[in-house]
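Reader: Could you walk me through this one, feature by feature? I'd like the general idea and then the case at hand.

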Amino acid sequence: MITITIVRENDNNRIASFAVEGHANYAKHGKDIVCAGVSAVSVGTVNAIEALAGVELPVKMKNGWLSSPIPRNADQVVEDKLQLLLESMIVMLDSIAQSYGDHVTVHDRNSNNS
């Protein structure tokens, strides 16, 4: 199963970090549309943040795992773009989880909740 964890700041609901880990096991390696969808959305969002907001996230990535803390940006316009792109990623990942709930789960929580 793919587990996606979104951590938000308690006081303002700002996305502070995200992590994607695991494998969907929906189909054989190379034919798994669920893994491909989650990968496309998560990596595509990281790339969009760099291209559209000019922010290079401190991403850690290896086989079946992608995570990043979200640095706070002093420029409010850039911060707003960054958060909008991340919120968009969550909507897309939630959509995949709704269709393939046996293979993907999204945990969206505040930093004081486990």
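Author: Start with Ile 6, whose bridge partner in E2 is Phe 18. The E labels are strands of at least two residues and the H labels helices (H or I) of at least four, both DSSP runs numbered from the N terminus. This is a predicted model, where local features need pLDDT of at least 70, side-chain atom pairs count only at pLDDT 80 or more, and totals for chains, interfaces and linings use all residues. Residues are numbered from 1 along each chain as its sequence is written, and side-chain values use heavy atoms, with hydrogens and water left out.

Reader: How many bridges join E1 to E2?

Author: In general, strands of a sheet pair through backbone hydrogen bonds, either parallel or antiparallel. Two strands count as paired if DSSP finds at least two bridges between them. Here E1 and E2 run antiparallel and are joined by seven bridges. They make a hairpin with six residues between them, and Asn 13 in that turn has a positive phi of about 70 degrees.

Reader: What is the strand order in the whole sheet?

Author: The sheet is open, with five strands in the order E3-E4-E2-E1-E5 and mixed pairing. Its edge strands are E3 (60-62) and E5, each of which pairs on one side only. On average, neighbouring strands are turned by 10 degrees against each other, direction ignored. For such angles, axes are lines fitted to C-alpha atoms, for helices over the stretch in contact, and the angles run from 0 to 180 degrees between N-to-C directions.

Reader: Which residues can I use to check the register of E2 with E4, and of E3 with E4?

Author: Five bridges join E2 to E4 in an antiparallel pair, and the bridge partner of Ser 17 in E4 is Pro 69. E3 and E4 (residues 65-69) are also antiparallel, over three bridges, with Lys 60 opposite Ser 67 in E4.

Author: A helix comes in here too. H1 (residues 33-53) packs on the sheet and touches E1, E2, E3, E4 and E5, where contact means heavy atoms within 4.5 Å. The direction of H1 makes about 30 degrees with that of E1.

Reader: Sticking with H1, is Ala 40 buried or exposed?

Author: The cut-offs are under 20% relative accessible area for buried, over 50% for exposed, and partly exposed in between (1.4 Å probe, protein chains only). Ala 40, placed in helix H1, counts as exposed because its relative accessibility is 52%. As a distance check, Ala 40 and Ala 19 are 21 residues apart in sequence and 14 Å apart in space, C-alpha to C-alpha.

Reader: And what about salt bridges: how many does the rule give?

Author: The rule asks for a side-chain nitrogen of Lys or Arg within 4 Å of a carboxyl oxygen of Asp or Glu. That gives five salt bridges. Arg 8 pairs with Glu 87, the closest N and O atoms being 2.7 Å apart. This pair links strand E1 (residues 2-8) to helix H2 (residues 76-99), across 79 residues. Arg 8 also pairs with Asp 108, at 2.6 Å between the closest N and O atoms, and that pair links E1 to strand E5 (residues 104-110), 100 residues apart.

Reader: How do the three residues around Arg 8 differ in burial?

Author: Arg 8 counts as buried because its relative accessibility is 6%. Glu 87, at 29%, counts as partly exposed, and Asp 108 is partly exposed with 38%.

Reader: Which residues are joined into one network?

Author: Begin with Arg 14 and Glu 79, whose side chains meet in a salt bridge (2.5 Å, N to O). Arg 14 lies in the loop between E1 and strand E2 (15-22) and Glu 79 in helix H2, so the pair ties together parts that are 65 residues apart in sequence. Both Arg 14 and Glu 79 are buried. Salt bridges with shared partners join Glu 9, Arg 14, Arg 72 and Glu 79 into one network.

Reader: Last one: where is His 103 found, and which residues does His 103 touch?

Author: His 103 is in the loop between H2 and E5 and, at 19% relative accessibility, counts as buried. Leaving out residues up to four places away in sequence, His 103 touches Met 1, Ile 2, Ala 24, Asn 25, Tyr 26 and Val 34.
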